[in-house]
Amino acid sequence: MTITCQQLLQNHSQAWHEATVHPFLEQLPLLAIEPRQFNTWLVQDYLFVVEFTRMVARVLANAPAHHFDILLAGLSALKDELNWFKEKAAERQLNLKTEKQPTCWEYCQYMESLAAMPYPVQATALWAIEFAYNQGWQLPGSMPEPYKEFAERWGNPGFTEYVKLLEQQADESLQNASENMQKQAEAAFLNVARLEKDFWQMAIDAE
């Protein structure tokens, strides 16, 4: 039986919950996150997005031509996002030219390793990464300043629609995938869920 993105969410609901509902996110609306914790997240997330951009480019290289429009739109948005991160870091006087923390490094290495995977696995991982952010920033509800624009960046209706389109492309690619590819896609989904949870925790644990 062909697996779908929705089935992955249903079959691994606990892992997905831990990836998208985390004390870091829950404490933001309460203004209970320390500046050092949020600043750690911001800098490390910028470093992550640099490598994520490279990952999306590799996914595009393997994608069927009729998937190009959605992926190119995502790459265009990432250009704006990287510049936005630089602006936010400048506002907070943060140095983006720093080392990746171990959790960020592991996530970036994992994204690089996906280059060796078939397209259905890559498409599933891409959807999972974007959906994790979409849900992570939506689920806490209304976000106060100074975090409102961060929540709106990944929780806005346009980004939600983009994630739905990625889901459709992942499902389409899985439809004709071999059983082994589907197992690899499921493993990718679980890896993303684990790494997302660990990334939030890295910010909470910031010294």
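This briefing walks through two helices, a pocket and one buried glutamine. The model is predicted, so please read every value here as computed from it. Helix α9 is a good place to start, as its buried residues pack against α1, α5, α7, α8 and α10. Helix α5 then leads us to the largest pocket, since α5 gives the most residues to its lining.

**Helix α9**

- Helix α9 runs over residues 157-175, and its 19 residues reach 27 Å from the first C-alpha to the last, close to the 27 Å expected at 1.5 Å a residue.
- At the N-terminal end, N156 acts as the cap of α9, with a side-chain oxygen 2.9 Å from the backbone nitrogen of G158.
- The buried residues of α9 are F159, T160, Y162, V163, L166, E167, Q169, A170, S173 and L174.
- An α-helix has 3.6 residues a turn, so residues three or four places apart point the same way.
- The partners of these buried residues are α1 (5-11), α5 (68-91), α7 (119-138), α8 (148-155) and α10 (179-204).

**Helix α5**

- Helix α5 has 24 residues and spans 35 Å between its first and last C-alpha, close to the expected 34 Å.
- Buried residues of α5 include the nonpolar-named stretch members I70, L71, L75 and L78, and also E81 and K88.
- The buried residues of α5 pack against α4, α7, α8 and α9.
- After α5 comes Q93, which has a positive phi, near 55°.

**The largest pocket**

- The volume of the largest pocket is about 330 Å³.
- Helices α4 (35-62), α5, α7, α8 and α9 each give two or more residues to the lining of this pocket.
- The lining has 20 residues, and A77, E81, E130, F159 and Y162 lie nearest the pocket centre.
- Helix α5 gives the most to the lining, with 7 residues.
- By type, the lining residues comprise 13 nonpolar, 2 polar and 5 charged.
- E81 of α5 is buried, as are F159 and Y162 of α9.

**Q182 in α10**

- Q182 sits in helix α10 and counts as buried because its relative accessibility is 11%, under the 20% cut-off.
- Leaving out residues up to four places away in sequence, Q182 touches M1, T2, I3, L174 and A177.
- One of these partners, L174, is a buried residue of α9.
- The side chain of Q182 also reaches the backbone nitrogen of I3, at 2.8 Å.
- Q182 and Q14 lie 168 residues apart in sequence, and their C-alpha atoms are 20 Å apart in space.

Note on methods. Residues are numbered from 1 along each chain as its sequence is written. This is a predicted model: local features need pLDDT of at least 70, side-chain atom pairs count only at pLDDT 80 or more; totals for chains, interfaces and linings use all residues. Side-chain values use heavy atoms; hydrogens and water are left out. Helices (H or I, at least four residues) and strands (E, at least two) are DSSP runs, numbered from the N terminus. The expected span of a helix is 1.5 Å times one less than its number of residues. Buried means under 20% relative accessible area, exposed over 50%, partly exposed in between (1.4 Å probe, protein chains only). Contact means heavy atoms within 4.5 Å. A polar contact is a pair of N or O atoms within 3.5 Å; within protein, one must be able to donate a hydrogen and the other to accept it, and residues adjacent in sequence count only if both atoms are side-chain atoms. On a 1 Å grid over the protein atoms alone, a cavity is a set of points where a 1.4 Å probe fits but cannot get out, and a pocket is an open set with protein on both sides within 12 Å along at least five of seven lines; lining residues have an atom within 4 Å of a point. Grid points are joined across faces, edges and corners, and a volume is the space filled by probe spheres set on the points. Ala, Val, Leu, Ile, Met, Phe, Trp, Tyr, Cys and Pro count as nonpolar, Asp, Glu, Lys and Arg as charged, and the others, Gly among them, as polar.
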